[in-house]
Amino acid sequence: SSAAQQQRVSNLEKAGILNRTKICENGKKVRKNWALSWTVLHGGILTFHKDPKSTPAGAAGKTSQFVPEFTVDLKGANISWAPKEKSSKKNVLELKSRAGAEFLLQYDTESIITDWHKVITDTIRQLDLE
Ligand code: I3S
């Protein structure tokens, strides 16, 4: 992969709050557990941080929101709008990793989820060129 391509991937960065759940792990369905999560895209890796409410430290209102819970390597991943049967929520994206994990990403404000869709799509495309 060229330095120029790596540069283009590292320029694709974003962070914000998303509603997300894992739905599949190693190709096996897992129970949904929707949670609002601090979500960071950096260097072609998407990181979902822990729901602060899910930990004792979080209940105390402190730093657990910065503890990573899941990371997804976007190299070879796939993102699309989720079909209706995947969720009753609106504005749902489906992210599938090459390693066989699947996540749903959701946010009621359309512009927010649309921006994530675009930056994740652009990142996957750049990584495909490497
Ligand atoms: O795909 P499902 O099973 O209908 O997903 C719903 C469940 O995870 C539900 O929790 P329970 O497993 O306790 O029933 C959640 O509360 C719902 O939010 C899930 O569906 P949506 O349509 O919101 O993705």
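These are my notebook entries on one predicted model.

**Overall layout**

I began with the secondary structure. I counted 3 helices and 8 strands in the chain. Read along the sequence, I get α-β-β-β-β-α-β-β-β-β-α. I then checked burial. The chain has 130 residues, and 26% of them count as buried. I also looked at how far apart in sequence the contacting residues sit. Taking contacts with a separation of 6 or more, 46% are between residues 24 or more positions apart.

**The core**

Next I looked up the largest nonpolar core. I found 21 residues in it. Val72, Leu93, Leu95, Phe103 and Leu105 have the most contacts inside this core. I asked which elements supply it. Strand S1, strand S7 (92-96), strand S8 (102-106) and helix H3 (110-129) each give at least two residues. H3 gives the largest share, 4 residues. I noted the background too: in soluble globular proteins, nonpolar side chains tend to be buried together.

I picked Leu105 for a closer look. I left aside its neighbours within four places in sequence. Leu105 is then in contact with Leu18, Arg20, Leu93, Leu95 and Trp116.

**Strands S6, S7 and S8**

I followed the strand pairing from S6 onward. S6 covers residues 78-81, and 4 bridges join it to S7. These two strands run antiparallel. I looked up one pair here: Ile79 has Leu95 of S7 as its bridge partner.

S7 and S8 also run antiparallel, with 5 bridges between them. Lys96 has Glu102 of S8 as its bridge partner. The hairpin of S7 and S8 has 5 residues between the strands. In that hairpin I noted Gly100, which takes a positive phi near 95°.

**Ile17**

I turned to strand S1, residues 14-25, where Ile17 lies. Is Ile17 buried, partly exposed or exposed? I count 13 other C-beta atoms within 10 Å, so Ile17 is partly exposed. A buried residue would need 20 or more, and an exposed one would have 12 or fewer.

I then listed its contacts, leaving aside neighbours within four places in sequence. Ile17 is in contact with Leu36, Trp38 and Thr39. I also checked Ile17 against Gln106, 89 residues apart along the chain. Their C-alpha atoms are separated by 9.8 Å.

**Around the ligand**

Last, I looked at the ligand. Which residues are around the ligand? I find Arg31, Lys32, Trp34, Ser87, Ser88 and Lys89. I sorted this shell by character: 1 nonpolar, 2 polar and 3 charged.

Key:
Residues numbered from 1 in each chain as written. Predicted model: local features only at pLDDT ≥ 70, side-chain atom pairs only at ≥ 80, totals over all residues. Contact = placed C-beta atoms within 7 Å. Core = buried A, V, L, I, M, F, W, Y, C linked by C-beta atoms within 7 Å. Pairing = 2+ DSSP bridges. Near = placed C-beta within 6 Å. Nonpolar A, V, L, I, M, F, W, Y, C, P; charged D, E, K, R; others polar.
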